[in-house]
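Me: I'm new to reading protein structures. Could you walk me through this one, step by step?

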Amino acid sequence: MSDETTGRLGGLKRTVATIAPGESRFETSNTRDANVETTDMTAEAGQSDVATTERNETESSSSGGVEMPTSDRPLGTPRVDDAVIEARDLDVFYGDTQALNEINMDIPEQGVTALIGPSGCGKSTFLRSINRMNDLIDVARVEGELYFHGKNIYDDDVDPVALRRKIGMVFQKPNPFPKSIFDNVAYGLRVQGKDDDVEEKVHTALERAALIDEVEDQLDESGLDLSGGQQQRLCIARAIATDPEVILMDEPASALDPVATSKIEDLVEELAQEYTVVIVTHNMQQAARISDKTAVFLTGGHLVEFDDTNKIFENPESDRVEDYITGKFG
Ligand SMILES: Nc1ncnc2c1ncn2[C@@H]1O[C@H](COP(=O)(O)OP(=O)(O)OP(=O)(O)O)[C@@H](O)[C@H]1O
C-alpha cells in the first residue's frame, strides 16, 4: 500500500448523517406510474453484465398502506456514528444456492469501500443488495437486514426506484443509452422532473466525471461514439447527475486499458470526497490504491475480514485473508 493511500486515509473527511429522527433520506411510496430508468439483468448464474434499458413501469407495492414502516430501530439513528449502510445477518440465495452468508458490515459515509475476493464469492451480489438490484433477478431471495441511514431498505414500504435515486450504480461494461452525450446525462434529471437548469447540471456532472474537456464541443453526438473509457465516465456522469448519496461500482475499470483505468481510479478518489463509493474489484493493487476500507469475501459468500485498507493489506487478522492477499490462492 502506498504512502499516498495512507495519507488519504488519514485525511479523509467523515461526515455524520444529519437527519432528524423519524425522517428518511429516501422516499417511500405505495404506487408508482413513472417512466423510469432501470436495469435489466441477465439472470444467468455468475453473470454480472447488464444492459441498462428504459422502460415504463406501472407497479404497486405490496404494502397497500400509507403508513411509514415500523422498523425495529428508530429512523435516522445508525448504530455506528458514521455508517451510512449497515448489513445485519444478510443472506442472499439464488434458488437453493446461498451466495451471501450472514454478512455484517458497516460502510462509512464518504470515502471508498472496496469489496475483494475470488470469483463467485458474492461481491457483486452484495453490491446489488445495497440498492435492491437483486430484486430484478427472479430467483434471488434476501434474508436479514440492510439499513440505509437507519432504515431497512427491505421493508415493504420502500420503493426500490426511489432508493436507486439515492444509491446509483455503475457497471462493469459501459452502457450508455443510444442517445447524445447531453441526453445521456440529462436523462435521469428529466425522468425525475429535475430538469430546471438542465444545461448547467449536465455540465457540472460531466465536469465532476472528468469528461467535460473531452466532449464539450460534441454534446449532441452519440454517447456510443466515445471510447470505452469515455463511455464509462459518461455513465458515471449519468449516475451522479441526479445527485445520489452512494455510488456502487461493479469492476468499473475491468474492461478498460491502463490509461483509462488510471483516469477512472483518479475519478473514484475524487468522487469519494463527496459521495460514498462502494466498489467491487478483482484488482488488489487497485483496492490498495484507491480504497479506505476493504472487505474480503471468501468462498461460500462469507465476509472474512473488513477493516481499514492498510490493515487488510499490511497486517490482516485472518490467515486466509493473508493467503489471498499474497496470492496463495484465488
Ligand atoms: N443471477 C444469478 N442466478 C443464479 N446464481 C447466481 C446469479 N448471480 C450470481 N449467482 C451465483 O452466486 C454466487 C455469487 O456470485 P457473484 O456474482 O455475486 O460473485 P462475485 O464474487 O461477484 O464473482 P465474480 O468476481 O466472478 O464476478 C455464485 O455462485 C454465482 O454463480
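Me: Thanks! At what angle do helix α4 and helix α7 pack?

Reply: Good place to start, and keep in mind that this is a predicted model. Two packed helices are described by the angle between their axes and the distance between the axes. Here α4 covers residues 181-191 and α7 covers residues 228-241. Their axes lie 7 Å apart, and the packing angle is about 25°.

Me: Are α4 and α7 roughly parallel or roughly antiparallel to each other?

Reply: Angles under 35 degrees count as roughly parallel. The angle for this pair is about 25°. Therefore α4 and α7 are roughly parallel.

Me: Which kind of residue, nonpolar, polar or charged, has 7 members in the contact of α4 with α7?

Reply: On the α4 side, the contact is made by Ile181, Asn184, Val185, Tyr187, Gly188 and Leu189, and on the α7 side by Leu234, Ala237, Arg238 and Ala241. Sorting these residues gives 2 polar and 1 charged. The kind with 7 members is nonpolar.

Me: How is α5 oriented relative to α7: oblique or roughly parallel?

Reply: Helix α5 spans residues 198-208, and its axis comes within 8 Å of that of α7. The two axes cross at roughly 130°, in a right-handed crossing. An angle between 115 and 145 degrees falls in none of the parallel, antiparallel or perpendicular classes. So α5 is, relative to α7, oblique.

Me: Which residues of α7 does α5 meet?

Reply: Let's look from the α5 side to begin with. Lys201, Val202, Ala205, Leu206 and Arg208 are the α5 residues in this contact. The contact of α5 with α7 holds 6 nonpolar, no polar and 2 charged residues. The α7 residues that α5 meets are Ala237, Ile240 and Ala241.

Me: Is Leu146 buried or exposed?

Reply: Leu146 sits in strand β6, residues 140-148. Leaving out residues up to four places away in sequence, Leu146 touches Ala87, Leu90, Ser129, Ile130, Asn152, Ile153 and Tyr154. A residue needs 20 or more other C-beta atoms within 10 Å to qualify as buried. Leu146 has 22 such neighbours, so Leu146 counts as buried.

Me: What share of the protein's residues is buried?

Reply: Let's step back to the whole protein, which has 11 helices and 12 strands. The protein has 330 residues. The buried share of them is 42%.

Me: Which residues does UniProt list for "domain: ABC transporter"?

Reply: This comes from an unreviewed UniProt entry. Over that stretch the chain is 37% helix and 27% strand, with the end C-alpha atoms 25 Å apart. The listed range is residues 85-325.

Notes: Residues numbered from 1 in each chain as written. Predicted model: local features only at pLDDT ≥ 70, side-chain atom pairs only at ≥ 80, totals over all residues. UniProt positions renumbered as here; feature names shortened; annotations may be inferred. Helix = DSSP H or I, 4+ residues; strand = E, 2+ residues; numbered from the N terminus. Axes fitted to C-alpha atoms, helices over the stretch in contact; angles between N-to-C directions. Parallel < 35°, antiparallel > 145°, perpendicular 65-115°, else oblique. Contact = placed C-beta atoms within 7 Å. Nonpolar A, V, L, I, M, F, W, Y, C, P; charged D, E, K, R; others polar. Buried ≥ 20, exposed ≤ 12 C-beta atoms within 10 Å, placed from the backbone. Left-handed = near helix turned anticlockwise from the far one by under 90°.
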